[in-house]
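I'm opening my notebook on a structure I haven't looked at before. I'll jot down what I look up as I go.

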Amino acid sequence: MKFAYRFSNLLGAVYRHGNLNFSKDGNSVISPVGNRLSVFDLKNNKSETLPVSTTKNITCVGLSPDGSLAILVDEDGAAILVSLVTRAVLHHYHFHKPVNSVRFSPDGRKFVITKENVALMYYAPGKKREFNAFQLDKSYYGPYDETTCIDWTTDSKCFAVGSKDMSTWVFGAERWANLIYYSLGGHKDVVVGCFFEKDSLDLYTVSQDGTLCMWESDTEPEELKKGLRYKERKQKERQNTRVTEDQEEEVVEEGEGGEMRGEVIKGSADVPQEEDGIKNVRYRQRSKQFFNKEGDFNKLTAAAFHKDTHILVTGFASGVFHLHELPEFNLIHSLSISDQRIAAIAMNCTGDWIGFGCSGLGQLLVWEWQSESYVFKQQGHFNNMAALAYSPDGQYVATGGDDGKVKVWNTNSGLCFVTFTEHTSSVTNVTFTSSGFVVVSASLDGTVRAFDLHRYRNFRTFTSPRPAQFSSLAVDGSGELVCAGAQDSFEIFLWSMQTGRLLEVLSGHEGPVSSLSFCPSRAVLASASWDRTVRLWDMLDSWHAKEVLRLTSDGMAVAYRPDGQELAVATLDGEISFWNSQTAAQMGSITGRHDLQMGRKDADKITAKQSSKGKSFTSLCYSADGESILAGGHSKFVCIYNIREQVLLKKFEISCNLSLDAMEEFLDRRKMTEFGSLSMVDEGAGDGDGVEVSLPGVRRGDMSSRHFKPEIRVSSLHFSPTGRSWAATSTEGLMIYSLDASLVFDPYDLDLDVTPASVRRQLKKCEWSSAILLAFRLNESALIREVLEALPHEQIPVVCSTLPDVYVEKLLAFVGATLENSRHLQFYLTWAQSLLTIHGQKLKNRSGAILPTIQSLQKSIQRHHDDLSKLCDWNIYALRYAVVLSNQRGLKRAAADELSEEEEGSEEEDDLMSEPLMTESDLLS
């Protein structure tokens, strides 16, 4: 089995902190998730997480105007330049201080970052290779407090910077004679956003207390005149006034790290002197508007402005957002989308879609304001994820979290399509039934619930006679029996799925039941407990304990091999022991405590080496072929062991995010003071940003403290039934690791004669079987596909009958993988049908080994079936509608004809009736 698993996607978290961006075409949202970047394609309904990461949580993202580059800056000011085309890191840079915002100029030639009270302008990296991609051009000083936001004019001639000192500064990107800097006041709180009008120097500024100031400039952008260069200006100053040497040296300084700061522009409260009689740009306040009504106070937290449509979007701490049309300040509409503060707002290029990020709940919403509807609405688990389970065909993943929610995710799109909120406490375990359409979950609220994926409802709720907190769950192969283990009464409860009745209470354990697992081949239930035993319960013979396996320490997790012949148990002392499920004899054990490599938490008084002695694996999962086992626990590492050799095959590092606790093995001496670690010192007395010492046993920081560092841990692991990927629920979310076969050259039975040229020669000779064998020996997917698709359709059964047994499995696996994204549906289905029909009996004898291949094929066929069935259903409804419509039109015509005939008949009758009346009158006359 291959172990070239690579990180492929992050599910379960859509937004954490930082600013949102839309792609150049406006169809994708780019959202920072922890220390990673996720791209959500709104047109194709897909999500992708880039395989790049920063060392700490991302605070701001700058996107180039052409959409090919992104600058990601983390909490410490460390930046990486990422290509969104190749998904690769191009450059590393450190700004040495936390960065508040980053923004490219509209022409893409420069970008500005704001840190502390300074704005730094850099030359934007181009297509040429450079030793230093970030070259500093100018440094702008002026604000007295931290800078908060940036906006550029549409012609890239000037930019504005908002600050916490309630002022807004307009700077010239070039050396303009009539605009070097300009300071604007007018606010009584922190400036949240500043926005230029299109093709104008007119400015809108928005502050945190809900005030909008409109500033009008007396100069158009075309009237900006080039000023003297830096050296020319200094020479002129020397000629006019004699400057002392000390004052001269103040201008040219070095930046941090010895880097030259380029040209330094220092703004002041005074108006700059006019050069050569050119009149300076001046601003006047046109009007002032207020978002809050009198008596209300709602903090304004985020804002965005679309220059073409003149629409201003403002988000507030209460979760409300407003849409206003400027400059008239007409309210278009207002809506409450959350009960948490809106942290980020972005608008796409057309101005139709508005993206909102709520960091409190981890929500990402895209709102279409014209139709007043959601385009996209996703939310991760509010707290830690506790459990996950793959559906039998590998298409869906169900997760349960500490927030009491059960979510089901589509592995192809990476998006959640249903959330069940019936549980009132933490969900401890989830699993699918064998049909794949029922999700069962256990919770600490004392219930086990079954959810229907057809109608999206909770159709069964299982409870115990006395309230119990369920910590483990298992469903048998038929889907008829549901078992849950209690952590307070030490009992196992058994229910019927059909009737919902409690069938039996299995007692015998003397400690909390930590894990349950049904044998895939026999009616046996294995239960691990903290009483240092694993009990095997016979489900056919009056549910009594068949065997008791004695362990060396408390049992943490138990798992059966897919064929049911072996049992793996993880214990508290960091060991994984393997038992024969028939004879109940121990077959071997792996000591994995040293492989966990636990990090040291900030509050720990002992070293990581000492604390790792008390750590263990809490989750186990066999691979699809049963040859290896996946193990994870209270650590950032996930280990894969070979069972037969009892050796560590590979260790995966789930996260490298230093914003999480217990990431580093050693505490940094530079952060140690006489009072302890700096991270433990409450610096901002009263700010609510300090870190409190967490209570023993608290897993997610001290919730009474307003700021905490979550601890890195892996709570659950699961292999995909296809064997192509595995998933882990960690502090960061649901991580998917999959095999990347396209980059691996892995030939089979290679020889000097086996070359692409020889394969194509065999194709020309119409030697189909030998061409397929040679292509598989070279094992390049593109070449195999070329050979298969060159083969005539009618020759497929003949070629299948001549293939050796070794290549049948390889071809079946390739057909299953290719079918998933190929357009030649009937062609590859014919291959699958011919292989299974001709070699079915031989494949059945090796069913255990080829199970992942068959499940992969089933997953591909099921996906196509779902897509086609929807399409066919729509077509059937459309055709029925057309037929009914045509029939109705025919009926209408017939009815109209009848009516016209009746009218003619009635007219004739009237004529006939009128004629005798006429004669009678004539006679009377």
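**Notes on strands, loops and helices**

I began with one residue pair: Trp537 sits opposite Ala545, which belongs to strand 46. A reminder to myself before going on: this is a predicted model.

*Entry: the sheet.* Which strand does strand 46 join up with here, and by how many bridges? I found five bridges linking strand 46 to strand 45, which covers residues 533-538, and the two run antiparallel. Then I looked at the wider sheet. It is open, has four strands in the order 43-44-45-46, and its pairing is antiparallel. The edges are strand 43 (513-518) and strand 46 (545-550), each of which pairs on one side only. I also looked up the twist: neighbouring strands in this sheet are turned by 20 degrees against each other on average, with direction ignored.

*Entry: odd backbone spots.* Next I went looking for unusual backbone angles. My rule of thumb is that most residues other than glycine have a negative phi, and most peptide bonds are trans.

I looked at the loop between strand 25 (320-325) and strand 26 (330-336), where Pro327 is found. The peptide bond running from Leu326 to Pro327 is cis, and its omega is near 0 degrees. Phe329 is in the loop between strand 25 and strand 26 too. Phe329 isn't a glycine, yet its phi is positive, about 60 degrees. Is Phe329 buried or exposed? I got 14% relative accessibility for Phe329, so it counts as buried, the cut-off being under 20%.

My other loop stop was Glu116, which lies between strand 11 (110-115) and strand 12 (118-123). Glu116 is not a glycine either, and it has a positive phi of about 50 degrees. With 36% relative accessibility, Glu116 counts as partly exposed.

*Entry: helix 5.* I moved on to helix 5, residues 756-764, and asked which of its residues are buried. They are Ser758, Val759, Gln762 and Leu763. Looking down the axis of helix 5, I see these buried residues fall within an arc of 150 degrees, so they line one face of the helix. What covers them? Helix 6 (768-778) and helix 7 (781-790) are included in the cover. I also checked what comes after helix 5: Cys766 follows, and its phi is positive, near 65 degrees.

*Entry: helix 5 against helix 6.* How do these two helices lie? Their axes come within 8 Å and cross at roughly 165 degrees. That makes helix 5 roughly antiparallel to helix 6, since angles over 145 degrees count that way. The crossing of helix 5 past helix 6 is left-handed. For the contact, I listed Pro756, Ser758, Val759, Gln762 and Leu763 on the helix 5 side. On the helix 6 side they meet Trp768, Ser770, Ala771, Leu774, Ala775 and Leu778.

*Entry: helix 6 against helix 9.* Last, I looked at helix 6 with helix 9, which is residues 805-819. The two pack at an angle of about 75 degrees, and their axes are 11 Å apart. So helix 6 is roughly perpendicular to helix 9. From helix 6 the contact takes Leu773, Phe776 and Arg777, and from helix 9 it takes Tyr807, Lys810, Leu811 and Phe814.

Notes. Residues numbered from 1 in each chain as written. Predicted model: local features only at pLDDT ≥ 70, side-chain atom pairs only at ≥ 80, totals over all residues. Heavy atoms only, no water. Pairing = 2+ DSSP bridges. Axes fitted to C-alpha atoms, helices over the stretch in contact; angles between N-to-C directions. Buried < 20%, exposed > 50% of the residue type's maximum accessible area, 1.4 Å probe, protein only. Arc of directions from axis to C-beta. Contact = heavy atoms within 4.5 Å. Parallel < 35°, antiparallel > 145°, perpendicular 65-115°, else oblique. Left-handed = near helix turned anticlockwise from the far one by under 90°.
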